[in-house]
Amino acid sequence: MDFGLFVGGSFRDSARKREIRVPYDGSVFARVALGDADVLQQAVAAARSGFAQMRVLTRARRAEILLEVRRRLLEEAGHFARVIASESGKPLREARLEVQRGASTLLFSANEALSLAGEEVPMDASAHGAGRMAMVVREPLGVIAAITPFNFPLNLSLHKIGPALAAGNAVVHKPASATPVSALELARLFAEAGLPAGALNVVPGPGAELGEALALDPAVAMVTFTGSPEVGVRLREIAGLKRVTLELGSNSAVIVESDADLDLAVPLCVSGAFAHSGQVCISVQRIFVQRDVLGSFLERVVDGAVAMQRGHPLEEETAVSSLISEAEAVRVEDWLEEAVFAGGRLVAGGERDGTRMAPAVVAEAPAATRLMAREAFGPVVAVNGYSTLDEAIAMVNASDYGLQASIFTRDIGKAFRAARAVEVGGFLINDVPQFRADQMPYGGVKLSGTGREGPHYAIEEMTERKLIVWRV
């Protein structure tokens with residue numbers, strides 16, 4: 001399949017091409033036209049024109065378009081699931097779930113378009129304000145640059161595009177180089193649903209070249225980025241006074257108290273660690289287990305990891321497929337070897353074949369190793385013991401990241417003590433940090449980023465409050 005760029009409401013070809021390959025076996029899935037600086041300028045100009053139409057579009061019409069895209073997405077759910085699985089290597093069962101979540105994100109965005117409102121300011125609450133009335137209205141920012149990663153090529157794109165359009169903005173979308181097809185097919189749905197030309201533009205291409213150009217472009221009002229801390233920090237440095245939302249990942253931790261329900265905790269931790277081969281920002285990466293139950297917990301996690309069905313992403317039985325590239329698989333392998341050399345015990349998995357790696361479990365990995373200190377983004381989890389809850393909280397907080405974390409316990413007092421003390425954007429009780437519902441506020445602290453996603457919260461970032469005062 002060949003795919004062109006999407007600029008100004010239509011697809012166009014370019015001389016630059018990229019083959020999109022199935023990560024599992026390297027087979028060619030599609031060929032995609034790539035943009036450059038000139039095409040990007042054209043996309044931004046088209047977005048400025050599209051914004052002029054979007055800002056006067058009624059809330060009802062914006063919602064209608066989003067709901068029509070949702071209808072079409074569900075109608076083509078099987079096709080989109082296969083696209084996601086093919087280009088990202090995500091198992092088909094997970095790709096189907098991503099399509100359903102994308103439909104939810106569109107629904108929540110449409111609802112936000114309908115309810116977007118300002119407020120009255122009580123001017124006569126002060127003597128100086130008597131004789132005046134005032135209101136605050138919410139206005140769209142303008143052109144929003146959306147830069148998205150490979151691991152959720154549909155739904156993470158919709159978490160930026162949906163709220164932006166619901167609020168009346170226009171978008172220039174730079175999808176991940178490895179997974180642009182989902183974004184281009186999504187653009188097709190928006191065009192078919194009647195979105196004004198230029199309101200959404202999709203320009204695949206090199207991230208370093210196009211991402212920085214978007215952050216520097218004076219016509220871009222906001223950059224919303226999901227990816228690595230290194231790139232996110234760089235974009236924020238060069239963005240000037242633009243709005244910037246950053247979702248930069250994590251090394252998410254779970255605390256398992258001695259009174260935890262292990263029948264609940266173990267399966268959730270196994271799936272939370274190894275779904276999409278661990279290539280999820282909130283994958284379970286560090287598990288801290290109270291020593292009274294450490295042996296039992298570790299044994300059961302190992303059994304769960306070994307039992308996971310590995311295979312091609314398009315096979316129905318597959319639970320774990322491959323990493324996005326061999327370079328990423330080699331990196332994770334290196335981190336595993338470092339952890340073992342430093343004193344950790346590899347108790348399951350870790351064998352690598354090209355892009356494919358068996359789910360790995362490491363016991364007592366030292367805190368200073370990259371496996372514990374950085375974001376692994378691979379099918380590996382570390383399980384370490386602790387004695388007291390305060391010790392566990394300290395180990396969770398000994399991280400540069402703070403996206404989501406969780407605890408398993410039957411003691412509600414302990415649960416909420418941990419919830420208040422752990423330094424994260426989201427904390428879950430008797431669940432894993434890998435859980436995300438698309439309407440909830442989502443974002444982190446420290447190196448995990450700034451701002452919040454989820455349609456309601458994203459729209460707060462993507463609109464400006466304007467005060468209007470009149471003498472009565």
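**Entry 1. Ala327 and Gly354**

Exposed means over 50% relative accessible area. I looked up Ala327 with that cut-off in hand, in what is a predicted model. Ala327 has 56% relative accessibility, so I count this residue as exposed. Ala327 is part of helix H11. I then checked a distance from this residue. From the C-alpha of Ala327 to that of Gly354 I get 8.8 Å, with their positions 27 residues apart along the chain.

**Entry 2. Gly89 and Val254**

Next I went to Gly89. I find this glycine in the loop between helix H3 (77-88) and H4. Is Gly89 buried or exposed? Gly89 is buried, at a relative accessible area of 1%. I also took its distance to Val254. The two C-alpha atoms are 26 Å apart in space, and the residues are 165 apart in sequence.

**Entry 3. Aromatic pairs**

I searched for paired rings. How many aromatic pairs are there? The count comes to two. I looked into Phe150 and Phe377. Their ring centres are 5.9 Å apart and their planes stand at 90°, so I log the pair as edge-to-face. The cut-off for that label is over 60 degrees.

Where do the two partners sit? Phe150 is in the loop between strand E8 (143-147) and helix H5 (155-166). Phe377 is in the loop between helix H12 (370-373) and strand E19 (380-386). The pair therefore ties together parts that are 227 residues apart in sequence.

I checked burial for both. The cut-off for buried is under 20%. Phe150 has 15% relative accessibility and so counts as buried. Phe377 has 16%, so Phe377 counts as buried too.

**Entry 4. Charges over rings**

I turned to arginines that sit over rings. The charged end of Arg331 lies over the ring of Trp335, at 4.7 Å from the ring centre. Arg436 has its charged end over the ring of Tyr442, and here the distance to the centre is 3.8 Å.

**Entry 5. The largest pocket**

I moved on to pockets. The largest has a volume of about 950 Å³. I listed its lining, which comes to 38 residues. Which of them are closest to the centre? They are Phe150, Phe225, Gly227, Ser228 and Val231. Phe150 is also the ring I paired with Phe377 above.

I asked which elements give two or more residues to this lining. They are helix H7 (207-216), strand E11 (220-226), helix H8 (229-238) and helix H11 (326-341). H8 gives the most, with five residues. By class I note 19 nonpolar, 10 polar and nine charged residues in the lining of the largest pocket.

**Entry 6. The second largest pocket**

The second largest pocket has a volume of about 440 Å³. Its lining holds 24 residues, and the closest to the centre are Glu94, Leu97, Arg101, Phe152 and Gln434. Helix H4 (92-115) and H5 each supply at least two lining residues. Which helix gives the most? H4 does, with five residues. The classes here are 11 nonpolar, five polar and eight charged.

**Entry 7. Helix H6**

I looked at helix H6 for its span and its cover. H6 runs over residues 181-192 and has 12 residues. From first C-alpha to last, H6 reaches 17 Å, close to the expected 16 Å. H6 is mostly covered, with 10 of its 12 residues buried. Among the buried ones I note Val181, Leu184, Leu186, Leu189 and Phe190. Glu185 and Arg188 are on the buried list as well. Gly194 follows H6 and has a positive phi, near 95°.

**Entry 8. Positive phi outside glycine**

Most residues other than glycine have a negative phi. I therefore noted two residues that go the other way.

His276 has a positive phi of about 50°. I find His276 in the loop between helix H9 (262-274) and strand E14 (286-290). His276 is buried, with a relative accessible area of 1%.

Asn430 has a positive phi near 55°. Asn430 sits in the loop between strand E22 (426-429) and strand E23 (445-446). Is Asn430 buried, exposed or partly exposed? Asn430 is partly exposed, at a relative accessible area of 33%.

How values were computed:
Residues are numbered from 1 along each chain as its sequence is written. This is a predicted model: local features need pLDDT of at least 70, side-chain atom pairs count only at pLDDT 80 or more; totals for chains, interfaces and linings use all residues. Side-chain values use heavy atoms; hydrogens and water are left out. Rings of Phe, Tyr and Trp (its six-membered ring) pair if their centres lie within 6.5 Å; planes under 30 degrees apart count as stacked, over 60 as edge-to-face and the rest as tilted. Helices (H or I, at least four residues) and strands (E, at least two) are DSSP runs, numbered from the N terminus. Buried means under 20% relative accessible area, exposed over 50%, partly exposed in between (1.4 Å probe, protein chains only). A charge sits over a ring if NZ of Lys or CZ of Arg is within 6 Å of the ring centre and within 35 degrees of the ring normal. On a 1 Å grid over the protein atoms alone, a cavity is a set of points where a 1.4 Å probe fits but cannot get out, and a pocket is an open set with protein on both sides within 12 Å along at least five of seven lines; lining residues have an atom within 4 Å of a point. Grid points are joined across faces, edges and corners, and a volume is the space filled by probe spheres set on the points. Ala, Val, Leu, Ile, Met, Phe, Trp, Tyr, Cys and Pro count as nonpolar, Asp, Glu, Lys and Arg as charged, and the others, Gly among them, as polar. The expected span of a helix is 1.5 Å times one less than its number of residues.
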